[in-house]
Amino acid sequence: MLTGRMMDFPLTLTHFLERARTYFARSEIVSRNPDKSLHRYTYADFYRRTCQLAHALTKLGVKPGDRVATLSWNHYRHLEVYFGVPAMGAVMHTLNLRLHPTDLGYIARHAEDQVVVVDRSLLPLLEKFRGAVPSLKHVIVVPDDGPVPEGMLDYEQLLLPEPPHFDFPRLDENSAAALCYTSGTTGNPKGVLYSHRSTVLHTLVCCLPEVLGLREADTVLPVVPMFHAAAWGLPFDCVATGAKIVFPGPHLDPQSLLDLMAEEKVTIAGGVPTIWLGILALLDREPKRWDLHAMRTMVIGGSAAPPSLIDGFRKRHDLEVLHAWGMTEMNPLGTLARLKGDLHHASAEAQLAANASQGFPVPFVETRHVSDTGEVLPWDNATMGELEVRGPWVAASYFSNEGGDRFSADGWFKTGDVVTIDPEGYLHITDRSKDVIKSGGEWISSVALENALMSHPAVLEAAVFAGRHARWDERPLAAVVFKQGQQATKEELAAHLEALVTKWWLPDDYLFISQIPRTSTGKFLKTKLREDYGDHLLKTPGASPTRS
Ligand code: AMP
């Protein structure tokens with residue numbers, strides 16, 4: 001091999017941090033405080049305080065590779081940890097504040113966190129699991145809306161005496177930068193350890209015009225929590241490009257978010273479908289209240305975005321949605337539903353179908369889907385199989401070396417998502433493998449049924465899951481939440497579905513509930529639905545049978 005003669009320059013987050021200070025010192029970072037007031041400062045302030053944090057943590061004894069946890073909402077101090085900790089060679093570990101204290105205790109103990117930076121308002125949660133984490137030496141409290149309790153370290157007091165520059169070390173690009181645990185609903189959560197290199201490459205690709213197209217002129221609102229796969233990398237993208245950032249703090253209700261979008265002239269926002277369903281419902285009720293002209297892309301991911309949601313924003317509010325698929329194990333972006341080729345000139349219907357698929361991979365992510373026996377399947381838009389991925393920001397193993405069965409012998413990661421792939425490479429997720437409905441030996445796509453149900457004007461949200469069935473083993477059951485003040489009968493819903501999906505897929509019954517149970521990252525918690533209603537059809541065998 002003839003080796004190229006270029007510099008071996010490490011791909012580290014430190015470069016983005018230094019670049020932001022040098023070239024984008026006046027870009028703004030806005031955060032909503034717990035009392036709803038806004039905190040504003042510049043990238044110059046952010047850089048200075050990040051250096052001060054690195055000094056303070058060094059004094060506390062934090063060394064390269066040590067884990068510094070966060071238990072925080074999205075705000076500027078969280079961003080300081082996002083850069084200060086990796087740039088000093090330590091590892092930022094984001095704890096998910098929506099998890100049960102028992103899980104948090106397990107995760108923090110497993111990660112061997114030594115320091116935790118915690119919002120004052122979340123101290124009661126920390127107290128519930130702190131005792132389970134023997135490695136924890138220091139608790140640093142972000143004094144969000146009040147004083148720090150006696151005997152704890154105050155984030156602000158800690159930074160105050162420290163100098164505004166830090167001599168950040170030259171790191172190996174493969175050194176660990178951040179740790180995030182999967183929010184799996186079965187088995188123990190597993191740690192995914194991102195490297196500087198994986199995060200930098202992910203950031204560069206995210207900023208490409210055909211990906212998120214993020215640039216300095218943007219104003220970015222990460223609604224997705226910073227503990228959920230590093231807010232999909234959005235904070236890194238912003239610092240890399242010098243874009244203005246708007247953090248929502250703990251206020252994630254539709255009205256607060258719409259106020260922020262309008263007042264700060266947000267151009268890109270990212271969040272899970274539930275957030276956007278709430279926002280769409282409010283916009284439909286008060287279409288003229290907010291001026292959202294600045295908004296150019298609303299990124300939706302984390303679970304399937306129903307076509308009716310994408311269409312509703314587009315048709316009724318002239319707002320563009322970009323549907324993305326990814327995983328904690330992938331830093332997290334994998335695919336994006338952008339149009340390409342002939343689709344640019346296709347009918348509105350065909351374009352909507354492509355935009356509502358999970359899209360095709362971003363550069364450096366490769367996909368294939370395989371059968372139960374590991375046979376690689378054709379891209380024919382019909383054959384279902386488990387999606388596998390590989391690329392420079394796909395986990396090669398878990399932090400603890402558990403979950404080895406997720407990594408194939410020939411170098412692919414098994415996602416656990418069941419998909420079809422069309423000849424153009426667009427993915428269509430039909431289910432999580434553990435959520436598939438197998439009726440009489442054949443698979444029914446719960447995602448397709450959910451999307452069809454959510455296109456009914458009265459339906460706010462719908463989750464379809466497997467109910468045990470005496471004859472067919474499993475049959476689909478639909479849990480439906482109606483929009484405020486609206487309703488439909490089971491017969492009306494069935495008639496609506498009949499026009500959209502094959503008849504034998506129709507749910508055997510509809511359960512009208514007030515809220516669909518969710519995971520800590522906003523996905524439908526189907527294990528809970530199965531637990532609560534899994535025997536419903538056995539108990540009520542006469543419930544609207546659709547297949548006999
Ligand atoms: P997490 O690691 O918590 O982000 O969860 C990753 C999983 O969320 C994926 O394996 C999918 O099952 C699901 N997911 C993420 N984005 C989408 C999407 N756009 N459509 C359908 N499922 C999604």
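1. The lining of the second largest pocket, in this predicted model, can be sorted by residue class, and the sorting gives 19 nonpolar, 11 polar and 4 charged residues. The space that these residues enclose in the second largest pocket comes to about 960 Å³. Of the 34 residues that line this pocket, Pro307, Ala353, Ala356, His428 and Asn451 are the closest to its centre.

2. It is worth tracing which parts of the chain build this wall. Four elements each supply at least two residues of the lining of the second largest pocket, namely the helices α11 (307–317), α12 (348–356) and α13 (446–454), together with the strand β20 (427–432). Among the contributors, α12 gives the most to the lining of this pocket, with 5 residues.

3. Where does the second largest pocket lie with respect to domain 2 and domain 3? Residues of domain 2 (253–432) take part in its lining, and so do residues of domain 3 (437–539), and therefore the pocket lies between the two domains.

4. The enclosed spaces deserve a separate look. Rolling a probe the size of a water molecule over the atoms shows where empty space is left. In this structure there are 4 cavities of 30 Å³ or more, and the largest cavity holds about 120 Å³ of space. Its lining consists of 16 residues, and those nearest the centre of the largest cavity are Asn96, Cys180, Tyr181, Thr182 and Phe227. The elements that give two or more residues to this lining are the strands β4 (91–94) and β8 (176–181) and the helix α4 (101–111).

5. How many nonpolar, polar and charged residues does the lining of the largest cavity have? The count is 8 nonpolar and 8 polar residues, with no charged residues in the lining of the largest cavity, whereas the lining of the second largest pocket does include 4 charged residues.

6. As for the chain as a whole, the protein chain contains 16 helices and 25 strands, and its C-alpha atoms fill a box of roughly 75 × 60 × 50 Å when this is taken along the principal axes. For 548 residues, a compact globule would be expected to have a radius of gyration near 24 Å, and the protein chain, with 24 Å, agrees with that expectation.

7. Two further values complete the picture of the chain. Of the 548 residues in the protein chain, 58% are buried. When contacts with a separation of 6 or more are considered, 68% of them are accounted for by residues 24 or more positions apart.

Terms used: Residues are numbered from 1 along each chain as its sequence is written. This is a predicted model: local features need pLDDT of at least 70, side-chain atom pairs count only at pLDDT 80 or more; totals for chains, interfaces and linings use all residues. Side-chain values use heavy atoms; hydrogens and water are left out. On a 1 Å grid over the protein atoms alone, a cavity is a set of points where a 1.4 Å probe fits but cannot get out, and a pocket is an open set with protein on both sides within 12 Å along at least five of seven lines; lining residues have an atom within 4 Å of a point. Grid points are joined across faces, edges and corners, and a volume is the space filled by probe spheres set on the points. Ala, Val, Leu, Ile, Met, Phe, Trp, Tyr, Cys and Pro count as nonpolar, Asp, Glu, Lys and Arg as charged, and the others, Gly among them, as polar. Domain bounds come from an automatic or database domain assignment. The radius of gyration is taken over C-alpha atoms; the globule rule is 2.2 Å times the number of residues to the power 0.38. Buried means under 20% relative accessible area, exposed over 50%, partly exposed in between (1.4 Å probe, protein chains only). Contact means heavy atoms within 4.5 Å.
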